[in-house]
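Trainee: Could you help me read this complex? I'd like to learn how each label is earned.
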Amino acid sequence: MNSNTLGLIVQRFGAAIVTLLIVSMVVFAITAVLPGDAAQQALGQFATPEQVAALRTKLGLDQPGVVRYLQWLMNLLGGNFGESVSNAMPVSDLIAGRFPNTLMLAATTALVSVPVALMLGIGAAMGRGGRIDSALNFVTLSLVAVPEFLVATLAVLIFAVKLGWLSALSYGGDASTPLQFIRTYALPVMTLCCVIVAQMARMTRAAVIDQLDSPYVEMARLKGVSPVRIVLRHALPNAIGPIVNAVALSLSYLLGGVVIVETIFNYPGIASLMVDAVTNRDMALVQGCTMLFCAAYLGLVLLADLCAILSNPRLRNQ
Amino acid sequence: MNPIIETSTPAVQVRAPRKIAWLGLVGASVCFFWLMIALFGPWLAPHPVGEVVSDNVFENISAAFPFGTDYLGRDMLSRVLIGARFTVGLALISAVLASGIGTMCALLSVVAPKWLDEIISRLMDAFISIPSKMLALIMVSAFGSSEVLLVCTAVLSYTPGAFRIARSMAVNIEALEYVQVARTRGEDRLYIACREILPNMLNPVLTDLGLRFGFIVLLLSGMSFLGLGVQPPDADLGSLVRENIGGLNQGAPAIVIPALAIGSLTIGVNLFIDRLSSRRSRRSGGH
């Protein structure tokens, strides 16, 4: 790694932080500045003007938007996300309580989906143009477009209603024995995996095929190397960068999918917390959850970016 | 989910298997079918949308009720036929607006001075880094849900993607000789943007519009499914899934059919668009 690469990495980090700042401005503008008077909303129609004015002063709403934004940002950086109105609890406590559950769901999904997707993608690339490839192309193309709640509904119908193997609802806590763990996580993870595996497999296939079309692979083929060896020893090491990039980008899609999946399975994670907050218009909680999700999203995109840089000598020496 | 597909699609169609030609046809017919339903559905519906026609809730498929009945005993067929209009209509309006605004901004940023290009691009970059569902959730939490707001949200989250794709094409075209010739001839910027660049990128822009339509259908029905999209008494296909979720453990058609309807629409769009873009990449690959 030379100084050039280091500079590029630092630059990407800087860009990600600037983007996160802009995102925080957008989030704050939409949730706190535009919708009018939060004090009036909180107190309802029958509040006297004095009550409203008192609450406005207490919440700091009488100050200009920029000042409030800076205060809010400073609080965020200090780990203070504000007070959740509907739960009468600090937002950070609520998020801290739910965060491990969502992380567990995401981690399990990643552990299941990555190997499956890589195998499918590499397999499709090896049998390119053949029957398996066409079938996989059709299946993945369809699965990318399927809404999570269709997958979830069908999965519940088959595994919980018809076969009775799993429970339709998922309760995050009781995962002490392996069997309980599977019963709890099987349906949500399956649902999340469908879309992600499809996306990842398509991108992996493209990355491997890109390498298989290169002259050095043709050379290897001409000297009689077996197809499996060509893929594993020649093509794959060079495709690692794009593949890791694909994995990180696909995993960032988890953040959207998890919103639906946690709701449909009643899973006590951050996304269902956020949906409840949106329904109750609990702004501090919405802001906190949104910033967390956006930060995670940007983090994954940054990771994808860095993998692409580190694995590609041409990008590195730009 | 937009940046993922955008970065993946051009690379995926490296060499599409020839066999999937008829899949594109299937996709096109499914799209056409849903477009027709959206246009004429309300006249085909056998019952008024809100009328309770049966004493049994979550009734199974029968001759009287081909799609069964919902959680109040209303005819599912009528509700799906009318719900499709919301799903297709809202998504189509949003997709056309998003692609239109994105393409216009792209043309503007290519022919405009550098500082304006820089401002537009930075702004679009900021919006693309908020996941569409997150943006939709904060918009709804701030302004409450309405059809206008849903369209605005979808446009806001899918314009940046359309802009990126259109801009990268416009930059390439702008460097070609005939645009240079037009510029030397003394044509003004508007002429160059609309008469020289736009016609040559129209096809990919339309393909991208189709792709965006699919995403927006997923976004809007997802929001409706969460109860934050189209509000009762109106119902799009996503709301139909939500309101009938109680029939899930009976396996009622009331929940399966609207979910399948959304799936068939988005899959149809994807198959159709995939076919269109793979044909083009093969054609351009031959040169």
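Mentor: Start where the chains touch: 51 residues from chain B and 55 residues from chain A take part. Keep in mind that this is a predicted model, where local features need pLDDT of at least 70 and side-chain atom pairs count only at pLDDT 80 or more, while totals for chains, interfaces and linings use all residues. Residues are numbered from 1 along each chain as its sequence is written, with chains lettered from A and ligands numbered from 1 in the order in which they are written.

Trainee: What makes two residues "in contact"?

Mentor: Their C-beta atoms, placed from the backbone, lie within 7 Å.

Trainee: Which element gives the most to chain B's side?

Mentor: That's α10(B), with twelve residues. Helices like this are DSSP runs (H or I, at least four residues; strands are E, at least two), numbered from the N terminus.

Trainee: And what classes of residue sit on that side of chain B?

Mentor: There are 32 nonpolar, 14 polar and five charged ones. Ala, Val, Leu, Ile, Met, Phe, Trp, Tyr, Cys and Pro count as nonpolar, Asp, Glu, Lys and Arg as charged, and the others, Gly among them, as polar.

Trainee: Why are α6(B) and α8(B) called roughly antiparallel?

Mentor: Helix α6 (residues 147-174) of chain B packs against α8(B) at about 155°, with the axes 9 Å apart. Angles run from 0 to 180 degrees between N-to-C directions, and axes are lines fitted to C-alpha atoms, for helices over the stretch in contact. Under 35 degrees is roughly parallel, over 145 roughly antiparallel, 65 to 115 roughly perpendicular and the rest oblique. So α6(B) and α8(B) are roughly antiparallel.

Trainee: What is the handedness of that crossing?

Mentor: α6(B) passes α8(B) in a right-handed crossing. The near helix is turned clockwise from the far one by less than a right angle; anticlockwise would be left-handed. Their contact has 18 nonpolar, one polar and three charged residues.

Trainee: What about α5(A) and α10(A)?

Mentor: Those helices pack at about 145°, with axes 9 Å apart, and their crossing is right-handed. Their contact has twelve nonpolar, two polar and no charged residues.

Trainee: How do you know how far to trust chain B?

Mentor: Check pLDDT, the predictor's confidence in each residue, from 0 to 100. Chain B averages 82, and 90% of the residues score at least 70. Over residues 1-17 of chain B, though, the pLDDT is below 50. Where pLDDT is low, the predicted coordinates should not be read in detail. For the complex, the predictor gives an ipTM of 0.81 and a pTM of 0.84.
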